[in-house]
Amino acid sequence: MKLVIHGKNIEITDAIREYVHQKIEKAVSHFQNITNEVDVHLSVARNPRISTKQAAEVTIYANGSVIRAEESSENLYASIDLVADKIARQLRKYKERRQDHKTQPISTTDVVVPEPVAADLIGDRTPELPGEVVRTKYFSMPPMTLAEAQEQLQLVGHDFYMFRNAETGEINVIYERNHGGYGVIQPRNGNGNGKNGKTANVGIAEKSHSK
């Protein structure tokens with residue numbers, strides 16, 4: 001198992017590195033057969049208004065899936081403890097899903113709700129781009145179904161997930177909607193299911209986190 005440690009606004013000392021190895025390796029010890037690589041990102045916020053300044057993020061690449069957990073507190077070692085416990089729970093859920101052959105497929109419906117596209121998206125505002133790219137991530141993107149993408153969204157802990165649609169071969173984004181359920185963003189001129197090739201939301205009948 002490959003374990004990589006990165007730091008932002010913090011020096012990764014030998015003591016920190018040893019503690020990360022000890023805690024994370026223990027957390028994934030029962031799942032090494034499905035774990036390919038572990039990426040640990042430690043950071044300290046410079047904003048004095050943020051009380052939970054010490055953050056620890058763990059990303060695990062497991063047989064084509066990405067499992068992610070993040071925790072923060074006022075103490076870096078406490079954050080590492082918290083994220084190690086959380087990623088162990090995430091791995092356990094992932095393994096249980098793989099082993100549960102009785103699980104029924106997630107119920108979906110291909111109801112397409114076209115969204116009107118405004119002619120002028122920014123009005124009188126001047127577009128501004130970030131000053132610099134502060135972090136770049138690379139990960140494999142094997143084709144997957146909409147139901148599989150929904151499961152991945154739950155595993156990574158974000159409110160959106162980018163994936164390659166197995167049906168169309170295009171890059172889609174699934175996201176949690178503010179009013180419940182999920183939506184999918186598809187390319188405008190691609191081969192997606194949107195009407196007239198327009199960007200659309202694809203509603204999923206149930207937002208289910210059960211197995």
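1. Two strands are taken to pair if DSSP finds at least two bridges between them. On that basis, four strands of this predicted model form an open sheet in the order β1-β2-β3-β4, with mixed pairing. The edge strands are β1 (2-8) and β4 (65-73), each of which pairs on one side only. Averaged over the sheet and with direction ignored, neighbouring strands are turned by 15 degrees against each other.

2. As background to this arrangement, strands of a sheet pair through backbone hydrogen bonds, and the pairing is either parallel or antiparallel. Strands β3 and β4 run antiparallel and are joined by nine bridges. One position may serve as a guide for the reader: Q54 has S73 in β4 as its bridge partner.

3. Helix α2 (residues 76-99) packs on the sheet, where the helix touches β2 (37-44), β3 and β4. The direction of α2 makes about 150 degrees with that of β4.

4. Which residue of strand β3 merits a closer look? I60 lies in this strand, which covers residues 54-62. I60 counts as buried because its relative accessible area is 0%, and the limit for a buried residue is under 20%. Beyond its neighbours within four places in sequence, I60 is in contact with V28, T35, E37, V38, S65, V66, I67, I87 and L91. For one of these partners, V38, the C-alpha atom is separated from that of I60 by 4.6 Å, although the two residues are 22 residues apart along the chain.

5. A second residue to examine is N172, found in strand β8 (residues 171-176). Is N172 buried or exposed? Its relative accessibility is 1%, and therefore N172 counts as buried. The side chain of N172 is joined to that of N165 by a polar contact of 2.9 Å. When residues up to four places away in sequence are not counted, N172 touches Y161, M162, F163, N165, V184, I185, Q186 and P187.

6. For the protein chain as a whole, the secondary structure comes to three helices and ten strands. Along the sequence, these elements follow the pattern β-α-β-β-β-α-β-β-α-β-β-β-β.

7. Some totals complete the description. The protein chain has 211 residues, of which 35% are buried. Among contacts with a separation of 6 or more, 49% are between residues 24 or more positions apart. The chain exposes about 13400 Å², and carbon and sulfur atoms supply 48% of this area.

Key:
Residues are numbered from 1 along each chain as its sequence is written. This is a predicted model: local features need pLDDT of at least 70, side-chain atom pairs count only at pLDDT 80 or more; totals for chains, interfaces and linings use all residues. Side-chain values use heavy atoms; hydrogens and water are left out. Helices (H or I, at least four residues) and strands (E, at least two) are DSSP runs, numbered from the N terminus. Buried means under 20% relative accessible area, exposed over 50%, partly exposed in between (1.4 Å probe, protein chains only). Contact means heavy atoms within 4.5 Å. Axes are lines fitted to C-alpha atoms, for helices over the stretch in contact, and angles run from 0 to 180 degrees between N-to-C directions. A polar contact is a pair of N or O atoms within 3.5 Å; within protein, one must be able to donate a hydrogen and the other to accept it, and residues adjacent in sequence count only if both atoms are side-chain atoms. Accessible areas come from the Shrake-Rupley method with a 1.4 Å probe; for residues, only the protein chains shown count as cover.
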